[in-house]
Protein chains: 2
Amino acid sequence: MRFARVLFLSSRAAAFALSALLLVGFHAHAQTDPLPSWNDGPAKKAIVDFVQTTTTQGSPKFVPPTERVATFDEDGTMWVEHPMYTEIMFTLERVVELSRTHPELKDQPPYSAVIAGDREAMSKFTETDLLKLVAVTHAGVSTDEFAAAVKAWIAKAKHPRWKRPYTDLTYAPMQEVMRYLRDNGYKTYIVSGGTQPFMRVFTEAVYGITADQVIGTALATKFTPSGALMLEPKLLLNNNNGGKAEDIYLFIGHRPQAAFGNTPGDAEMLAYSQGGPGATLQMLVLHDDAEREFAYGPAQGLPDTKVGAFPQSLYDDAKKNGWTVISIKNDWKRVFSFDQ
Amino acid sequence: MRFARVLFLSSRAAAFALSALLLVGFHAHAQTDPLPSWNDGPAKKAIVDFVQTTTTQGSPKFVPPTERVATFDEDGTMWVEHPMYTEIMFTLERVVELSRTHPELKDQPPYSAVIAGDREAMSKFTETDLLKLVAVTHAGVSTDEFAAAVKAWIAKAKHPRWKRPYTDLTYAPMQEVMRYLRDNGYKTYIVSGGTQPFMRVFTEAVYGITADQVIGTALATKFTPSGALMLEPKLLLNNNNGGKAEDIYLFIGHRPQAAFGNTPGDAEMLAYSQGGPGATLQMLVLHDDAEREFAYGPAQGLPDTKVGAFPQSLYDDAKKNGWTVISIKNDWKRVFSFDQ
């Protein structure tokens with residue numbers, strides 16, 4: 001009888017301990033919102049629904065782990081692109097630097113405008129002009145030498161508005177999406193119009209993305225007998241528009257299940273993602289928060305600042321195709337990790 | 001006292017159980033040789049030493065997990081390449097098939113020789129001829145349509161000697177090397193002169209290598225408004241010789257720590273691998289076993305069969321550079337998984 005009573009007490013104690021554990025477990029679960037920088041709303045819900053639908057065994061839209069791929073544009077999707085793409089800042093400063101040893105550049109457009117600091121002429125640069133600038137600043141050196149130049153620049157360069165390294169200006173909510181997807185078996189790729197050798201220098205530190213998952217615009221390289229690879233002034237991959245879909249196929253071999261962008265240059269990537277079977281997710285970041293970041297469109301009457309333009313036609317396409325538009329103003333609780 | 005005796009007995013029983021476990025453990029360890037299809041010798045030792053040196057914490061040549069990459073040529077390194085590369089077999093049969101709906105091919109070299117079965121003319125095909133054959137058979141269809149054609153062919157095609165599917169003719173010892181490296185944190189890539197869309201159809205089933213880790217010769221693709229990617233008759237990447245090093249950089253972003261090949265077309269990949277810091281491993285498969293597989297050189301006086309040629313100069317380079325030559329005859333206990 002005493003024995004039974006001890007057992008009874010023990011059972012009660014055990015039951016109490018168990019319920020305490022369950023409570024702890026419940027709180028632990030409630031506390032681990034994977035997207036704490038997001039406000040509740042359609043954008044956050046679309047992400048969570050997508051992950052749950054595609055990773056729950058037995059779900060009709062379950063995606064096997066080997067096929068889980070998500071692709072992210074960089075400029076304007078993962079980090080700030082205003083007042084100018086970070087890589088263009090690097091490129092312009094490197095033109096000026098190169099002109100010290102190559103004075104002939106001072107007389108040749110488009111380099112001459114950069115060296116003279118002619119903002120009027122620079123504002124009219126065409127894509128061909130930009131490709132010329134990229135060729136002269138990104139080629140003629142080995143891949144190791146170029147990486148060293150980027151590493152040195154990115155360590156000291158600061159954004160004119162926040163006076164912080166560019167690598168600090170990555171969006172905390174988007175970093176959470178990347179981690180949430182990876183925690184659920186997704187491989188995450190950067191797929192950017194920026195060049196691959198530039199981005200690869202910092203993507204592992206900034207996004208946790210290793211070099212093999214960085215797809216970008218690429219110059220041809222040439223293997224030399226010394227064992228070094230030389231960067232050549234010859235465009236191999238133009239990773240914009242249709243090029244994004246083509247390069248995703250080249251690097252990954254199949255459609256991504258989820259794709260994130262912010263300009264018409266990302267539309268083909270989103271369409272390619274949506275063309276696959278099962279549940280897919282497409283999202284576009286709309287910069288509508290001048291106070292915490294920048295506001296530009298011209299979608300929804302926002303000012304047209306050219307860099308990273310988001311035209312109304314893209315906004316309309318998103319609605320038509322079921323792509324989710326992320327409003328920075330409404331959907332993000334904070335923009336940067338250094339925000340309160 | 002009785003209590004103590006029970007304890008004593010228990011201790012003896014426990015000691016016995018423990019030593020039995022240790023013996024089992026010892027045997028289990030002895031039985032889990034990661035390379036059971038290899039004979040003891042310098043080649044097997046080189047592989048085991050490399051893995052231990054680069055993955056033992058505190059080793060001066062330790063390689064961090066994110067940098068562990070090994071690249072493998074396919075034809076003649078991972079599977080049989082005689083009497084003809086598997087993809088060439090596919091290509092020739094597809095030319096004949098296409099000529100039914102494109103009779104004009106019957107009058108145009110090099111297609112005419114294939115359709116007529118003119119072995120004399122075919123034996124003189126240049127690389128340009130082969131690229132023309134690849135262009136007509138691998139382009140003009142969507143990536144999905146091409147994959148379906150390869151899938152159907154590889155399911156029914158049989159090797160003329162073994163009367164087995166080509167996918168059975170993969171080398172068991174090399175499969176073990178791949179698995180051993182993966183078990184130790186290495187990412188394994190196929191890096192082949194064969195085309196990427198052809199290989200990707202079967203690499204996951206045959207090697208456990210997903211599409212994103214298959215680097216090959218690539219035709220350009222074109223994204224279409226329907227969302228399909230069309231294969232174009234335009235060479236984007238020629239993944240041979242220097243192209244192997246260049247494409248490894250494009251896809252992976254850094255040198256592989258280990259590289260495996262069997263022809264001069266792999267030499268640049270091996271040199272690129274060797275140029276990095278820390279311990280590296282380079283190996284070349286020498287086909288010197290006519291009984292169990294094939295024997296061809298002309299290295300070491302073996303017959304020169306053209307396909308997959310291994311010239312004496314490559315053999316000498318290997319010795320000079322410290323690359324390990326794998327002798328199928330001496331180093332492999334068995335060649336195929338269906339061997340005894």
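**Exercise 1. Determine in which loop B:Pro298 lies, and describe the peptide bond before this residue.**

Solution. B:Pro298 is found in the loop of chain B between β6 (281–286) and α13 (312–321). The model is a predicted one. In it, the peptide bond joining B:Gly297 and B:Pro298 is cis, and its omega is about 15°.

**Exercise 2. Locate B:Pro83 and B:Lys163, and state the backbone feature recorded at each.**

Solution. Begin with B:Pro83, which belongs to the loop between β1 (69–72) and α3 (86–101) of chain B. The bond from B:His82 to B:Pro83 is a cis peptide bond, with omega near 5°. Turn next to B:Lys163, placed in the loop between α7 and α8 (172–183) of chain B. Here the feature is a positive phi, near 55°, in a residue other than glycine.

**Exercise 3. Describe how helices α3 and α7 of chain A cross, and identify the residues that make their contact.**

Solution. First, take the geometry: the axes of α3 (residues 86–101) and α7 (residues 143–156) of chain A come within 11 Å and cross at roughly 105°. Angles of 65 to 115 degrees count as roughly perpendicular, and therefore α3(A) is roughly perpendicular to α7(A). Second, list the residues. From α3(A) come A:Thr86, A:Met89, A:Phe90, A:Glu93 and A:Arg94, while α7(A) supplies A:Phe146, A:Ala149, A:Val150, A:Trp153 and A:Ile154. Third, sort the residues of this contact by class: seven are nonpolar, one is polar and two are charged.

**Exercise 4. State how many residues each chain gives to the contact between chain B and chain A, and how much area is buried there.**

Solution. Chain B contributes 33 residues, and chain A contributes 33 residues. The two chains bury about 2700 Å² between them, with 58% of this area on carbon and sulfur atoms. Within chain B, the residues losing the most area to chain A are B:Phe223, B:Tyr249 and B:Leu250, which together account for 25% of what that side buries.

**Exercise 5. Characterise the polar links between chain B and chain A, then the elements and residue classes on the side of chain B.**

Solution. Start with the salt bridges, of which there are two across the interface. In one of these, B:Lys187 pairs with A:Asp212, and the closest N and O atoms are 2.5 Å apart. Next, count the polar contacts between the chains: 14 residue pairs, with both residues at pLDDT 80 or more. Then consider the elements of chain B that give two or more residues to the side touching chain A; among them are α7 (143–156), β2 (187–195), β3 (214–223) and α11 (242–252). The greatest contribution is that of α11(B), with seven residues. Finally, divide this side of chain B by class: 16 residues are nonpolar, eight are polar and nine are charged.

Terms used:
Residues numbered from 1 in each chain as written. Chains lettered and ligands numbered in written order. Predicted model: local features only at pLDDT ≥ 70, side-chain atom pairs only at ≥ 80, totals over all residues. Heavy atoms only, no water. Contact = heavy atoms within 4.5 Å. Buried area = accessible area lost by both parts, 1.4 Å probe. Salt bridge = Lys/Arg side-chain N within 4 Å of Asp/Glu carboxyl O. Polar contact = N/O pair within 3.5 Å; in protein donor to acceptor, adjacent residues only side chain to side chain. Helix = DSSP H or I, 4+ residues; strand = E, 2+ residues; numbered from the N terminus. Nonpolar A, V, L, I, M, F, W, Y, C, P; charged D, E, K, R; others polar. Axes fitted to C-alpha atoms, helices over the stretch in contact; angles between N-to-C directions. Parallel < 35°, antiparallel > 145°, perpendicular 65-115°, else oblique.
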